[in-house]
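Here is a set of exercises to try with the sequence and the 3D view open side by side. Have a go at each task before you read its solution.

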Amino acid sequence: MSKSAKLHKFVVVGGGAGGLELVTTLGRKLGKHRKAKVYLVDGSPTHIWKPLLHEVATGALNVGEDELNYFTHAYSFGYRFHFGFMKGIDRNRKVIISDKIKDLEGNIISGPRELRYDTLVLAVGGKTNSFGTPGVEEFCQRLDNPIGAEKLRRRFLGQAIGVALGRDPKIRIGIVGAGATGVELASEIFHTMTEIRAYGAKITADQLKITIMEAAPTVLAGVGEHVSAFAHQELTKKGIDIKTHCMIEKVTEKGFILGDGSLLETDIKIWTAGIKAHDWLSTLGLKTDRTNRLQVNEYLQTEDPSIYAFGDCAFAPNIKEPGKTLPASAQCAHQQAEWLAKRLMNDLKGKSTKPFVFNSQGQLVSLGNSTAVGTVNGLVSKVSLKGKSAKIVYSTLYPAQNDDCNQFMRDFHRRGPNVVGRLELPTDDLYPKYKLKIGFSSPIRQMAFRQLRAKDSGTHKEFIIDPMEMQRNGKLLLDVQIRLHRAFGPTSRVTRIVYNNLALCGDPVDASDFDFFLSTSTSTSTLTPFIRPTNITKIKDVGEDEDDIF
Ligand SMILES: Cc1cc2nc3c(=O)[nH]c(=O)nc-3n(C[C@H](O)[C@H](O)[C@H](O)COP(=O)(O)OP(=O)(O)OC[C@H]3O[C@@H](n4cnc5c(N)ncnc54)[C@H](O)[C@@H]3O)c2cc1C
């Protein structure tokens, strides 16, 4: 038997907040050194960190740009990627069965496949729980995965365009659940609408109506009275209507039928309440609870010692606070992944490991572009944070939680919306190359033209443009993509555009100088304009020393 065939085979199913971190560590420490074989199984070819899905839903995060590709990540980190959703298991033969794979048109690319394991880890996450409420499946949008978030983005964008063009009178959004997801989503939608208006879309503040419905007596129940009161106050300041003690009887095409029989009419219905594990987990012959979560012991092991489970799909004992369950959170999945990597490596060496203990670091919830709220557990005591200080800590969470993942992940910070515009430049100059400068009211994080990219651009950026590459249909068209640095301070706006030595736009630049789009796509061909383009007119000659004007 070859050396490779004798190697222990770890199979991790689910490359989410927990699973990706686990395979990255196992791949780096074992797979790369040929000490074990490490496999990741996922039905999606790419990863987006789930706590960012509300940003995908509002277009603040560009999936195409920010997702991580498992195939390339696996190559870099010493594990292999098996593409397909797991649907069953043969525990006697120690194989998992993954479902057939279809392309976007529904054609079958591959039939069901099997993958053998020595140790299996299930980290397949969970989904929202409708608690059997009629109409949720048919009429509600959910943030269970990137596909759901993308559907919500399109629905939201469509409705916003309808209002901007005068087709619809309002955007009425109903969100069920005032947990972190519902609160962050409501704040993000409010912020996105402010951005859209800032760029000239004809939507007034009172045309947006967001209602949060919550069965509990407070928003963010369980996070603490002060935190909850602050969040309530901030949401109310934004004009968001909060209905607590509110039960949903039924969802219809028109809206939500509430416990008192009244109808709350909404255009977009979103369900963020509750959590449960996937139904198929209860068919594996392993113990599950009533929400399909796999029961595991303090070593995250199911009753089959070669099968582990963790994250949102598992129900593990809370050693620190007996009687309480562990939270379904990325924070918990991250700590479990870190612990499990050690445990599995110790197992290979025949060494023992202490049971898993969850140490809560607190919870922070974003309330828009510059404020957040929550608690952070320090070494000495628990600290409540709110406002800007909370937002600063919040904006550092993503890289901290994914410390073990690749450079892409480490570089990833919470970023602002992606704005794509098309600039039509005058072509009557004889310059061999064109020089364009764009000035901003505050530093921007990143901007890109078709061929040129600049990171951390500061308050202005100069680009040399080759007209041969930019000419289309006899016009000099420039696609501009601006990523605003949103976590700190107010959103930056374009203040000046200088083309060669000519100031093309007034100060401040009017939205109509750009043909603006709100987008999560990097290709302008698929975008829908918010504002009709207006040709840019030369305003004044700023001379050679144009630096002065910024
Ligand atoms: C909008 C939102 C905001 C949130 N904010 C926070 C926050 O601020 N802080 C926090 O701690 N938590 C937050 N959470 C919760 C957090 O995202 C989850 O608790 C965490 O992602 C759970 O990690 P996981 O690894 O168990 O599962 P997930 O991250 O959900 O990953 C599951 C993976 O399994 C894959 N998968 C599913 N089924 C199969 C199958 N049959 N076969 C193969 N692969 C499969 C999926 O494609 C996915 O890649 C938030 C959640 C949402 C939705």
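**Exercise 1.** In the hairpin of strand 6 and strand 7, which residue takes a positive phi?

Solution. Start with the ground rules. You are looking at a predicted model, where local features need pLDDT of at least 70 and side-chain atom pairs count only at pLDDT 80 or more, while totals for chains, interfaces and linings use all residues. Residues are numbered from 1 along each chain as its sequence is written, and side-chain values use heavy atoms, with hydrogens and water left out.

Step 1: find the strands. Helices (H or I, at least four residues) and strands (E, at least two) are DSSP runs, numbered from the N terminus. Strand 7 covers residues 95-98, and strand 6 pairs with strand 7 in the antiparallel sense over 4 bridges. Two strands pair if DSSP finds at least two bridges between them.

Step 2: line them up. Methionine 86 is opposite serine 98 of strand 7.

Step 3: check the turn. There are 4 residues between the two strands, and lysine 94 is the residue with the positive phi, near 55°.

**Exercise 2.** Find two residues other than glycine with positive phi, and say whether each is buried or exposed.

Solution. Step 1: go to the loop between helix 2 and strand 2, where you'll find arginine 34. Its phi is positive, near 55°.

Step 2: move on to the loop that joins strand 15 to strand 16 (248-251), the home of histidine 245. Phi of histidine 245 is near 50°.

Step 3: apply the cut-offs. Buried means under 20% relative accessible area, exposed over 50%, and partly exposed in between (1.4 Å probe, protein chains only). Arginine 34 has 62%, so it is exposed. Histidine 245 has 58%, so it is exposed.

**Exercise 3.** Describe the largest nonpolar core, then look around leucine 122.

Solution. Step 1: know what to look for. A nonpolar core is a set of buried Ala, Val, Leu, Ile, Met, Phe, Trp, Tyr and Cys residues joined through side-chain atoms within 4.5 Å. In soluble globular proteins, nonpolar side chains tend to be buried together.

Step 2: size it up. The largest core holds 54 residues, and Leu22, Ile96 and Leu122 have the most contacts inside it. Elements giving two or more residues include strand 1 (9-13), helix 2 (19-31), strand 11 (119-122) and helix 10 (330-349). Helix 10 supplies the largest share, with 7 residues.

Step 3: zoom in. Leaving out residues up to four places away in sequence, leucine 122 touches ten names worth clicking on, among them Val13, Met86, Leu281, Ile307 and Phe310. Contact here means heavy atoms within 4.5 Å.

Step 4: look elsewhere. A second, separate core has 46 residues, including Leu61, Phe156, Ile196 and Val365.

**Exercise 4.** Work out the strand order of the open sheet of 4 strands, and place helix 7 against it.

Solution. Step 1: read the order, which is 15-14-13-19, with parallel pairing. Strand 15 (241-243) and strand 19 (268-271) are the edges, each pairing on one side only.

Step 2: pick one pair. Strand 13 (residues 171-176) and strand 19 pair in the parallel sense over 4 bridges. Valine 176 has tryptophan 271, in strand 19, as its bridge partner.

Step 3: add the helix. Helix 7 lies across strand 13 and strand 19, at about 155° to strand 19. For such angles, axes are lines fitted to C-alpha atoms (for helices over the stretch in contact), and values run from 0 to 180 degrees between N-to-C directions.

Step 4: follow helix 7 to its end. Glycine 166 comes after it, with a positive phi near 85°.

**Exercise 5.** How many disulfides does the structure hold, and are cysteine 140 and cysteine 332 buried or exposed?

Solution. Step 1: a disulfide is a pair of cysteine sulfur atoms within 2.5 Å. The structure holds 0 of them.

Step 2: cysteine 140 has a relative accessible area of 10%, so it is buried. Cysteine 332, at 2%, is buried too.

Step 3: try one distance. Glutamine 361 is 29 residues from cysteine 332 in sequence, and their C-alpha atoms are 9.4 Å apart in space. Glutamine 361 counts as partly exposed because its relative accessibility is 44%.
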